[in-house]
Amino acid sequence: MEKKYIRNFSIIAHIDHGKSTIADRLMQHTKTVSDRELQEQMLDDMDLERERGITIKAHPVTMNYRSDADELYQINFIDTPGHVDFAYEVSRSLAACEGALLIIDAAQGVQAQTVANVNLAIKQGLEIIPVLNKIDLPAADPDMCYEQIEEILAIPREECILASAKSGLGIEDILEAIVERIPQPKDQETENEKLKALIVDSSYDPYRGVINYVRVMSSSIKPKDSIRMMATNKDYDVKEVGVFAPKMTPTDELAPGSVGYLIANIKDTAESKIGDTITSKQDPAKEPLEGFEEVLPMVYSGIYPIDTADYETLKYSMGKLQLNDPSFLYQAESSAALGFGFRCGFLGLLHMEIIQERLRREYNMDIIATYPSVIYHVYLKGNDKDMIPVDNPVHLPDPSTIDRIEEPVIEAGIMIPGDYIGAVMALIMDKRGICLGTAAVDERHVMLTAELPLHEIVIDFNDKLKSITRGYGSMNYKPNGYKAAPLVKLEMLVNQEPVDAFACIVHRDHAQSRGRRLAEKLKEVIPQQMFAIAIQGAIGGSIVARETISALRKNVTAKCYGGDISRKRKLLEKQKEGKKRMKQIGKVNIPQDAFVKILKASN
């Protein structure tokens, strides 16, 4: 296929605006998939994606389309996720494209994540084609959407295409717009057209090794070619190249400008890096291609195997999962309570949930996750430049040596109907946030800009926002530096012994209520012993919450059937002394299922 007949585009939208359904219709219309094989959410091949109705992984597919001008085009399309936690997937997909379809729900209008994704596409210099989807719904309001598109996104309303993915309306117009408006792949200004291909994604096959998804920028790749990875400087022989149609289909070569897959003899997942440049071994390029923006994890949590014998299997499973999702980071750590495990970094709470669920389902791992935390900057007394990053409460220095603790803050763009502005502002204040400004989007919608501590939005902010606004509120956020706050380390003591798995860094005002909640939960799950057990929430040397698990007692007065009361008292005092001695030497072994119950309830 000549370069002028190749079109590469991506679909971007807010979550649940109909991306996957439009993708299904495009494949159906171009006969990429026969009607017999077609099923809903064709490209969402994970069980989790189908269950939750969301796209988690970007998925490429190659379609052939004959235009109205009777020209045959090769259209390479990448379906992308819509949730803010998967923005990294979107940025990687956009790096392989020249254009993007912007899908907007005609009933809901422009949402917060729509704005974020459009900004990503504009930054990459892509041609944007706006599509109003679901126009056949009774609640559809195209005029409101036109107004929002012009006001917020600065895109003329004349460029919009009206469509309904469910009925197939407007699909032909979308395909024509793709071949007319999206430019052909750019010519790379490379030395003598040397081979350069960008690794956009990877997956692992136990029989074939690492499968790299690539966008060829210049020259071409054929089977039996010798290639070099520029990041690792390692050489490989190409076994197979092909395209996704939508299943992996081998071809004779990957031409310049095309998107497909490449299988070489790569067996170790660490040897393939997403964002790396592939070049020729015989005639290598000097400079690698610009990759995509590195995304750093924002939320950290410990993941431990429930059975310690599964540690190596968990490590191997995480390696394979990281190959498929490089925004997930992990490193080994150990805990006195939970044994050996990993400290893992995620882009957000949904990302954390999905990773944990994938480990359970795809790799059959029994795992337990600790309470999520963020990275704090701890400054020590006497040296203001001496800053320690802390992502685990266990590593927090002694409070007497700390000058101040700074926590990460984010700037959130919250789009809501105007009726709920008071309730949402109250929620922001409750989460220790400040409202920076409001802007009217149209007659009914308002965009709130707020500054919030990241730790406060990690747990349940999005759920509360949805329930307050009856599902109409949407949020997008970006990091906004660090700010000092009165933060303290809350420790849970069981029989005067600290349990590191339950330690957390909290705001001083919230420490007492959180300590009380954890103490109550621990009282429910820790079994009774022969002596009373004190469960305490402590900040430094002061106790802020306490619960007591009463001792198991033998009825020592049962043999006394009458006589003086002093006989009974003597037996009870003797028992009391025994319990006291037992408490001094006794240890409380918290069962594994107690950790599981508490940490599941905390998350």
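**Close-up views of a sheet and a helix pair**

**View 1. Strand 2 beside strand 3.** Strand 2 and strand 3 (residues 72–79) run antiparallel and are joined by 8 bridges. Within this pairing, Asn64 is placed opposite Gln74 of strand 3. The model shown here and in the other views is predicted.

**View 2. The open sheet and its edges.** The sheet is open and consists of 6 strands with mixed pairing, in the order 2-3-1-4-5-6. Strand 2 (59–66) and strand 6 (161–162) each have a single partner strand, so one side of each lacks a neighbour in the sheet.

**View 3. Helices against the sheet.** Helix 5 (residues 142–152) lies across strand 4 (99–105), strand 5 (127–133) and strand 6, and runs at about 160 degrees to strand 5. Helix 6 (residues 171–181) also packs on the sheet, where it touches strand 1 (6–13), strand 2, strand 3, strand 4, strand 5 and strand 6. The direction of helix 6 makes about 170 degrees with that of strand 5.

**View 4. Helix 9 against helix 11.** The axes of helix 9 (residues 421–430) and helix 11 (residues 461–468) come within 10 Å and cross at roughly 160 degrees. Angles over 145 degrees count as roughly antiparallel, and the two helices are therefore roughly antiparallel to each other. The crossing of helix 9 past helix 11 is right-handed.

**View 5. Residues between helix 9 and helix 11.** From helix 9, Ala423, Val424, Leu427 and Ile428 meet Phe461, Lys464, Leu465 and Ile468 of helix 11. The residues of this contact comprise 7 nonpolar, no polar and 1 charged.

Technical notes
Residues numbered from 1 in each chain as written. Predicted model: local features only at pLDDT ≥ 70, side-chain atom pairs only at ≥ 80, totals over all residues. Heavy atoms only, no water. Axes fitted to C-alpha atoms, helices over the stretch in contact; angles between N-to-C directions. Helix = DSSP H or I, 4+ residues; strand = E, 2+ residues; numbered from the N terminus. Parallel < 35°, antiparallel > 145°, perpendicular 65-115°, else oblique. Left-handed = near helix turned anticlockwise from the far one by under 90°. Contact = heavy atoms within 4.5 Å. Nonpolar A, V, L, I, M, F, W, Y, C, P; charged D, E, K, R; others polar. Pairing = 2+ DSSP bridges.
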